[in-house]
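Got your viewer open? Load the model, set it to cartoon view, and let's take a walk through it together.

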Amino acid sequence: MQDKDKINFRPAEPSDLAILLDLMAALYLHDESPFDRERAERATRELLRSPEHGGIWILEIEAAIAGYIVLAFSFSLEFGGREGIVDELFLQENYRHQGWGKQALQFAAEQCKVRGICAM
């Protein structure tokens, strides 16, 4: 396992759009799901403009782009308020099975906590 201190969760910006779309295409290919690049681009642009709906973070390990995570917010009566949903989490092949995904989920849980979101 690699040194966990070297992972960085960088908030995605509009200038990251092409990188994000390439990573999304890889995720959908891995899942054997159809990927509509134009639809994904529209939704990604909207989420980047609307942080009240969630966020996208690029996972960087030793300055290399390892993947991304998308956290979306919704409202749940069952959980008594806003909840966070990990909508997408993708790690490139060479970063899998090393604990990075677990760290990404912990990061998402922390993001919910600091935003006062009651469940993930």
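Here is a tour in a few stops, starting with the whole fold and ending in the loops.

**Stop 1: the whole thing**

Before you click on anything, keep in mind that this is a predicted model. Colour the cartoon by secondary structure and you should find 3 helices and 4 strands. Follow the chain along the sequence and the order reads β-α-α-β-β-β-α.

How far does the C-alpha trace of the protein span along its principal axes? The answer is about 40 × 35 × 25 Å. The radius of gyration is 14 Å, which agrees with the value near 14 Å that a compact globule of 120 residues would have. Switch to a surface for a moment: of the 120 residues, 42% count as buried.

**Stop 2: the aromatic rings**

Now show side chains for the aromatic residues. There are 4 aromatic pairs to find in the structure. Select W57 and F107 to begin with: their ring centres are 5.3 Å apart and their planes meet at 80°, so this pair is edge-to-face. Look at where the two partners sit. W57 belongs to strand β2 (residues 54-61) and F107 to helix α3 (residues 100-114), so the pair ties together parts that are 50 residues apart in sequence.

Are these two buried or exposed? W57 counts as buried at 6% relative accessibility, and F107 is buried too, with a relative accessible area of 12%.

Next, select Y68 and F90. Here the ring centres are 6.4 Å apart with the planes at 45°, so the pair is tilted. Y68 comes from strand β3 (residues 64-76) and F90 from strand β4 (residues 81-91), so this pair ties together parts that are 22 residues apart in sequence. Y68 has 0% relative accessibility and counts as buried, while F90 is buried with a relative accessible area of 5%.

Go back to W57 and F107 and add F9 to the selection. Ring pairs link F9, W57 and F107 into a cluster.

One more ring to visit: show F73 together with R82. R82 lies over the face of F73, at 5.2 Å from the ring centre.

**Stop 3: the largest pocket**

Time to look at the pockets. The largest pocket has a volume of about 450 Å³. Which residues should you select to get to its centre? Try A40, A43, T44, D87 and E88, the closest to the centre among the 17 residues that line this pocket.

With those on screen, colour the elements around them. α1 (17-30), α2 (37-49), β3 and β4 each supply at least two residues of the lining. The element that gives the most to the largest pocket is α2, with 6 residues. If you colour the lining by chemistry, it divides into 10 nonpolar, 2 polar and 5 charged residues.

**Stop 4: the second largest pocket**

Move on to the second largest pocket, which has a volume of about 170 Å³. To see its lining, select P11, A12, L47, L48, P51, G54, G55, I56, W57, Q111 and R115. You have met one of these already: W57, from the edge-to-face pair with F107, also lines this pocket.

Which elements give two or more residues to this lining? They are α2 and β2. β2 gives the most, with 4 residues. By chemistry, the lining of the second largest pocket divides into 7 nonpolar, 3 polar and 1 charged.

**Stop 5: two loop residues**

For the last stop, look at the backbone in two loops. Select E32, which you'll find in the loop between α1 and α2. Its phi is near 55°, a positive value in a residue other than glycine. On the surface view E32 is exposed, with a relative accessible area of 75%.

Then jump to E62, in the loop between β2 and β3. E62 is not a glycine either, yet it has a positive phi of about 50°. At 54% relative accessibility, E62 counts as exposed.

**Before you close the viewer**

If you want one view to keep, show F9, W57 and F107 as sticks, since these are the rings that ring pairs link into a cluster. Then add a surface over the lining of the second largest pocket, W57 included.

Definitions and conventions. Residues numbered from 1 in each chain as written. Predicted model: local features only at pLDDT ≥ 70, side-chain atom pairs only at ≥ 80, totals over all residues. Heavy atoms only, no water. Phe/Tyr/Trp six-rings, centres within 6.5 Å; stacked < 30°, edge-to-face > 60°. Buried < 20%, exposed > 50% of the residue type's maximum accessible area, 1.4 Å probe, protein only. Lys NZ or Arg CZ within 6 Å of the ring centre and 35° of its normal. 1 Å grid on protein atoms, 1.4 Å probe; cavity = no way out; pocket = protein on both sides within 12 Å on 5 of 7 lines; lining within 4 Å. Points joined across faces, edges and corners; volume = space filled by probe spheres on them. Nonpolar A, V, L, I, M, F, W, Y, C, P; charged D, E, K, R; others polar. Rg over C-alpha atoms; globule rule 2.2 N^0.38 Å.
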